[in-house]
Structures are given as C-alpha cells and as structure tokens.
Amino acid sequence: MFIEFIEIITGGIQAGTKRPVVVNLDKVITFRAVDKRAGGTKLETRRGDVYVETSYDEVKELFNTINGVSPVLVKSTDDE
C-alpha cells in the first residue's frame with residue numbers, strides 16, 4: 001500500500017525544505033520517532049531513510065489499519 005507523506009529534507013542545500021513523497025509501506029523496514037522538538041518520524045528502508053512530518057503515533061496507526069494486526073504495538077515488559 002502506498003501512502004503520501006510530507007518529507008523533510010535533512011541534508012544538502014535544500015535542508016529544511018519540505019516536499020510530498022509517496023512511500024510503499026511494504027518496503028518500510030522500521031520507523032521511529034524523531035526528537036520531540038522537531039517532531040515527525042523517520043521511516044527506514046533498504047534504499048535509505050525518509051524523514052516525514054507525520055507524527056509517530058499517526059504512522060503507527062496507519063500500519064495497524066493497513067495490516068489489520070498490531071506488529072509494532074506490543075511493548076515488552078521485563079516484570080518477570
């Protein structure tokens with residue numbers, strides 16, 4: 001499934017500018033929140049990282065609604 005995000009360019013002469021980008025969620029290996037001040041999420045793929053301005057919680061919700069499962073929502077507990 002393809003989803004359109006707003007990418008935040010992080011390097012080069014265009015650093016800080018934003019542009020629309022379409023990402024195939026099947027190709028995303030993992031994703032994580034970027035620091036709280038900047039906001040957004042880092043999507044990691046085999047071809048490189050994509051920084052998007054969509055919040056981590058929104059990206060997590062997208063993966064859960066598309067897959068119908070919650071592969072990344074299970075938090076490990078070391079209570080044992």
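These exercises, each with a worked solution, concern a predicted model of a protein.

**Exercise 1. The order of the elements**

Task: State how many helices and strands there are in the protein, and in what order the elements run.

Solution: Begin with the count: the protein has 1 helix and 5 strands. Next, read the order from the N terminus, which is β-β-β-β-β-α. The helix, H1, covers residues 56-67. Among the strands are S1 (2-8) and S5 (48-52), S2 (residues 18-24) and S3 (residues 28-33).

**Exercise 2. Aromatic pairs**

Task: Find how many aromatic pairs there are, and classify the pair Phe31 and Tyr56 and the pair Phe31 and Phe63.

Solution: The count of aromatic pairs is 2. Take Phe31 and Tyr56 to begin with. Their ring centres are 5.4 Å apart and the planes stand at 45°. Planes under 30 degrees apart would be stacked and over 60 edge-to-face, so this pair, at 45°, is tilted. Phe31 belongs to strand S3 and Tyr56 to helix H1, so the pair ties together parts 25 residues apart in sequence.

Now take Phe31 and Phe63. Here the centres lie 4.9 Å apart and the planes are at 15°, so the pair is stacked. With Phe31 in strand S3 and Phe63 in helix H1, the pair ties together parts that are 32 residues apart in sequence. As a last step, put the pairs together: Phe31, Tyr56 and Phe63 form one aromatic cluster.

**Exercise 3. Buried or partly exposed**

Task: Decide whether Phe31 is buried or exposed, and how Tyr56 counts.

Solution: The cut-off for buried is under 20% relative accessible area. Phe31 has 9% relative accessibility and therefore counts as buried. Tyr56 has 27% and therefore counts as partly exposed. The third member of the cluster, Phe63, is buried, as Phe31 is. For the protein as a whole, buried residues make up 26% of the 80 residues.

**Exercise 4. The largest nonpolar core**

Task: List the residues of the largest nonpolar core and name the elements that each supply at least two of them.

Solution: The core has 11 residues: Ile3, Phe5, Val23, Leu25, Val28, Phe31, Leu43, Val50, Val52, Val59 and Phe63. Strand S1, strand S3, strand S5 and helix H1 each supply at least two of these. As a check on one member, look at Val28. Beyond its neighbours within four places in sequence, Val28 is in contact with Val23, Leu43, Glu44, Thr45 and Phe63.

**Exercise 5. The largest pocket**

Task: Describe the space in the largest pocket and the residues that line the pocket.

Solution: The space in the largest pocket is about 230 Å³. Its lining consists of Val21, Val22, Val23, Asn24, Lys27, Thr45, Arg46, Arg47 and Val50. Sorted by class, these are 4 nonpolar, 2 polar and 3 charged residues. Sorted by element, the largest share, 4 residues, comes from strand S2.

**Exercise 6. The surroundings of Arg19**

Task: Say where Arg19 is found, how it counts by accessibility, and which residues it touches.

Solution: Arg19 is found in strand S2. Its relative accessibility is 41%, so Arg19 counts as partly exposed. Leaving out residues up to four places away in sequence, Arg19 touches Phe5, Ile6, Glu7 and Ile9. To finish, consider Val52, which is 33 residues from Arg19 along the chain; the C-alpha atoms of the two are separated by 9.4 Å.

Methods
Residues numbered from 1 in each chain as written. Predicted model: local features only at pLDDT ≥ 70, side-chain atom pairs only at ≥ 80, totals over all residues. Heavy atoms only, no water. 1 Å grid on protein atoms, 1.4 Å probe; cavity = no way out; pocket = protein on both sides within 12 Å on 5 of 7 lines; lining within 4 Å. Points joined across faces, edges and corners; volume = space filled by probe spheres on them. Helix = DSSP H or I, 4+ residues; strand = E, 2+ residues; numbered from the N terminus. Nonpolar A, V, L, I, M, F, W, Y, C, P; charged D, E, K, R; others polar. Phe/Tyr/Trp six-rings, centres within 6.5 Å; stacked < 30°, edge-to-face > 60°. Buried < 20%, exposed > 50% of the residue type's maximum accessible area, 1.4 Å probe, protein only. Core = buried A, V, L, I, M, F, W, Y, C linked by side-chain atoms within 4.5 Å. Contact = heavy atoms within 4.5 Å.
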